[in-house]
Amino acid sequence: MSVLSVLPRPIVAAPMAGGPSTPALAAAVSAAGGLGFLAAGMISADRLVADVAEVRARTDRPFGVNVFLPTAGAVDEAAVRAYAERLAPEARRHGVTLGEPRGGDDGYPAKLAALLADPVPVVSFAFGLPDPAAVAALRERGTEVWATVNSPDAATAAVRLGVDAMVVQGTEAGGHRGGLPDDEDYALLPLLRLVAASCDRPLVAAGGIADGAGVAAVLTAGAAAAQLGTAFLRCPEAGTSPMHRAAAASAAPTALTRAFTGKRSRAVVNDFLRRHDRSAPVGYPQVLQLTRPLLAAARGSGDASVANLWAGQAHPLAKEAPAGDLVTELVAEARAALSAAADRSTAWG
Ligand SMILES: Cc1cc2nc3c(=O)[nH]c(=O)nc-3n(C[C@H](O)[C@H](O)[C@H](O)COP(=O)(O)O)c2cc1C
């Protein structure tokens, strides 16, 4: 029986690396009948093991772990160097030196080994598709494998790999695009419908869903559950910084940009994004390694004009509420929206 088919409430707390996802947030969402997620990206394998243990100590409900795949593809080193020169004065102003753009795999082999040694209910992948051996090994241990897709073609490829479910992520989503780097941009609704028409796996819809009516909309459009990230940023259990909480609560616009990390991600528009968006090269994780000291300094000093404030397009709808209460409220709102739509449909000719 799949985790999604027995989930009491069709709400998945999106994995959010870089601080917001915590064991407390994952456990609170799972305990409320949704599916909580840990974000394994940008932490060590040892920290992942400790976080998994903490979720288990807090709840016996199922939860998931999200892993970043190593990014394949050539990087234009000259373009990364030119971007470093452009950012150097900004780094000096903040009293830091830019990092070395070395590349790297985010400790993927060690994290995968930890998840194989001590299996969790669900593993989802970001940044492309996992290799068939990893999918098979996880599934043999009873772990459900979810792939993140941004295009119908990627969904077809994921089905061929034998994944159990797919996170269908539209361009509205906060944070990084989680699929293959060269995919065309699809908003959530057309992507969900196209993937539903061609694939027989359960679909988890992600991107710009921040209230119960949004949840109802994607359930009606064929999703088995809605995955919400930004909507959980303001929960007390989340590790979101105060400046990021304020940005999520604001009405500021968002944009997709490579300026912060070299990979397209949706953030609240600020001075850094405006200044550097057009010059930022393709190059993850090299650009992230360059900017990391600068972004850390901005976080430390609360400088929202420079920090990477990931948020989806519906962020002004995010509420400040305990995660369990939020899950309950989302479900009540979704039910009301579905029944209001059903009532309206009775008047159709
Ligand atoms: C702060 C933040 C961090 C994120 N980090 C991750 C991550 O580590 N792995 C991942 O697969 N997706 C990540 N995402 C994307 C989410 O999984 C999800 O697709 C997105 O939040 C859905 O859109 P929404 O933010 O509008 O709800 C992140 C999103 C945000 C807002």
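**Entry 1: the α3–α4 loop.** I started at Asp-106, which sits in the loop between α3 (77-93) and α4 (108-117). This is a predicted model, so I am reading backbone angles off a prediction. Phi of Asp-106 comes out near 60°, a positive value, and the residue is not a glycine. I flagged it because most residues other than glycine have a negative phi.

**Entry 2: a cis bond.** Next I went through the peptide bonds. Which two residues does a cis peptide bond join? I found Tyr-284 and Pro-285, with omega at about 5°. I placed Pro-285 in the loop between α10 (271-276) and α11 (286-301). Worth a note, since most peptide bonds are trans.

**Entry 3: the eight-stranded sheet.** I traced the strand order as β1-β9-β8-β6-β5-β4-β3-β2, an open sheet of eight strands with parallel pairing. Why is one side of β1 and of β2 left without a neighbour in the sheet? I see β1 (11-13) and β2 (36-39) standing at the edges, each with a single partner strand, so one side of each has no neighbour there. For the twist I have neighbouring strands turned by 25° against each other on average, ignoring direction.

I then looked inside this sheet at one pair. Strand β4 (residues 122-126) runs parallel to strand β5 (residues 144-149), and four bridges link them. For register, I noted that Val-122 has Glu-144 in β5 as its bridge partner.

**Entry 4: the three-stranded sheet.** There is also an open sheet of three strands, in the order β7-β11-β10, and here the pairing is antiparallel. I marked β7 and β10 (254-257) as the edge strands, each pairing on one side only. β10 and strand β11 (residues 265-268) pair in the antiparallel sense over four bridges. My register mark here is Thr-254, which stands opposite Val-268 in β11.

**Entry 5: α1 against α12.** I wanted one helix pair, so I took helix α1 (residues 23-31) and helix α12 (residues 323-345). Their axes come within 8 Å and cross at roughly 40°. Roughly parallel would need an angle under 35 degrees, so I have α1 down as oblique to α12. As for handedness, α1 passes α12 in a right-handed crossing.

**Entry 6: around the ligand.** Last stop. Which of the 31 residues around the ligand come nearest? I listed Ala-17, Gly-174, Gly-175, Gly-229 and Gly-312. The elements giving two or more residues to this shell are β7 (175-176) and β9 (225-228). I sorted the shell by class and got 15 nonpolar, 15 polar and one charged. Both domains contribute: I count at least three shell residues from each of domain 1 (1-70 + 105-240 + 319-349) and domain 2 (75-104 + 241-317).

Methods:
Residues numbered from 1 in each chain as written. Predicted model: local features only at pLDDT ≥ 70, side-chain atom pairs only at ≥ 80, totals over all residues. Pairing = 2+ DSSP bridges. Axes fitted to C-alpha atoms, helices over the stretch in contact; angles between N-to-C directions. Near = placed C-beta within 6 Å. Nonpolar A, V, L, I, M, F, W, Y, C, P; charged D, E, K, R; others polar. Domains from an automatic or database assignment. Parallel < 35°, antiparallel > 145°, perpendicular 65-115°, else oblique. Left-handed = near helix turned anticlockwise from the far one by under 90°.
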